[in-house]
Amino acid sequence: MAIEVIGKSNYSKQILVLIAKIYDNTLVADSVYEQAIQCFSLVDAKQKRQTELEQQLTLFEHRRAQGANKEIASLERQLQQAKAELQQYEQQCADEALQRFSCLKQICITILQLTQGETEEETRQLSAKMLGTIQLLSPTEGRHIAITNQKSKHLYKAVLSLRLLDKLLADNHITDQYILQRFHAAAGSYADFNRYHPFRDDVQIPLLMAALLQDIGSCHPQAQQVIYGEDGKADPFRVMSQEERASMLQVSYSQSIRYTLEQIQDRYQGNSKAERDFFNQNNQQKKYSSKIYLKAQLNLKMELVTY
């Protein structure tokens, strides 16, 4: 059920806050796209650190295997310390990926709360309200048009993706068995957001995530070099040449895939082996679905480039 919204001005503020959580430029740097920029800037250093720790562990393992008896105790302590440092670093990276996932999931839940009604008609009305509000909040003249549209387009596309999915399901154009199984398993009900819901949690939220992260790879330094030019002074909103756009899209797609699969990570929290097995299997399927969504979006963009 959609959350209660009081007054048009308050609703507009909600949408502005939601947009800012997805794409913003602040000192706090806590929006989805700001997190990605920071993550991409550190990826080489983090990979280097990971490699150093792994090499250190391998070195101590080799020394222990080759060491004399009197050195075994000392080498064993060094080996255990190296293992602990590597595990601590991997845990830190996993925690950061989980934090990014949690932030993104909460945004998706808010989108659903604001657009999902108790009936199909109410859902269409709520979605139209959000899309219309985004348009009304976007300037039609002045020098801030491009940057404002850049910030709001991710939310706009995400909502359209949800309603397109509804239309495809209603017209029986969906053949993916995973989506159909989750859709029928929901049996038309829409459970509380604190409870598991197969269609919402396994289809709608991954679809929203893919829509929001579709252009996340454009934050990568290689893509930024194309967007801003070799000297960094080009207008990022210019009409690119076909070669520039194709190059940028390829980098953006590959880095969006890597970011989605590696830097946005959910984690099972519990003690049930059966639940853990289901979670891991289902999580892999959702990752696969997200990859398919992103690839389909790239194919469409590439077709437009070569049209």
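Where does H5 bend, and by about how many degrees? In this predicted model, select Ser 152, the residue at which H5 bends by about 40°.

Keep H5 on display and widen the selection to residues 145–170, which make up the helix. At 1.5 Å a residue its 26 residues should span 38 Å, and because the C-alpha atoms at its two ends lie 36 Å apart, the expectation and the model agree. Colouring the helix by burial will bring out Ser 152 again, since this residue is among the buried ones of H5, together with others including Gln 150, His 154, Leu 155, Arg 163 and Leu 169. Step just past the end of H5 to Asn 172, whose phi is positive, at about 60°.

Return to Leu 155 and use it as the entry to the largest nonpolar core, which holds 36 residues and in which Leu 155 is one of those touching the most other members, alongside Ile 15, Ile 111, Met 130, Leu 212 and Tyr 259. Show H1, H2, H3, H4, H5 and H7, the elements that each give two or more residues to this core; H3 gives the most, with eight residues. Then centre the view on Met 130, which, leaving aside neighbours within four places in sequence, is in contact with Tyr 11, Ile 15, Leu 18, Ile 111, Leu 114, Thr 115, Leu 155 and Val 159. A second core, separate from this one, has 14 residues, including Leu 165, Ile 179, Ile 257 and Leu 294.

From Met 130, move to its contact Tyr 11, where Lys 129 lies over the face of the ring, at 4.2 Å from the ring centre. For another such arrangement, select Phe 193, with Arg 200 over its face at 4.7 Å from the ring centre.

The last stop concerns aromatic pairs, of which the whole structure has five. Select Tyr 196 and Phe 278, whose ring centres are 6.2 Å apart and whose planes meet at 85°, so the pair is edge-to-face. Because Tyr 196 lies in the loop between H6 and H7 while Phe 278 belongs to H10, the pair ties together parts that are 82 residues apart in sequence. Tyr 196 is partly exposed, with a relative accessible area of 43%, and Phe 278 is likewise partly exposed, at 41%. Go on to Tyr 268 and Phe 279, where the centres are 6.0 Å apart and the planes stand at 50°, so this pair is tilted. Tyr 268 sits in the loop between H9 and H10, and Phe 279 in H10, eleven residues apart. Here Tyr 268 is buried, with a relative accessible area of 18%, and Phe 279 is buried at 17%.

Definitions and conventions:
Residues are numbered from 1 along each chain as its sequence is written. This is a predicted model: local features need pLDDT of at least 70, side-chain atom pairs count only at pLDDT 80 or more; totals for chains, interfaces and linings use all residues. Side-chain values use heavy atoms; hydrogens and water are left out. Helices (H or I, at least four residues) and strands (E, at least two) are DSSP runs, numbered from the N terminus. The expected span of a helix is 1.5 Å times one less than its number of residues. The bend at a residue is the angle between axes fitted to the seven residues ending there and the seven starting there. Buried means under 20% relative accessible area, exposed over 50%, partly exposed in between (1.4 Å probe, protein chains only). Rings of Phe, Tyr and Trp (its six-membered ring) pair if their centres lie within 6.5 Å; planes under 30 degrees apart count as stacked, over 60 as edge-to-face and the rest as tilted. A charge sits over a ring if NZ of Lys or CZ of Arg is within 6 Å of the ring centre and within 35 degrees of the ring normal. A nonpolar core is a set of buried Ala, Val, Leu, Ile, Met, Phe, Trp, Tyr and Cys residues joined through side-chain atoms within 4.5 Å. Contact means heavy atoms within 4.5 Å.
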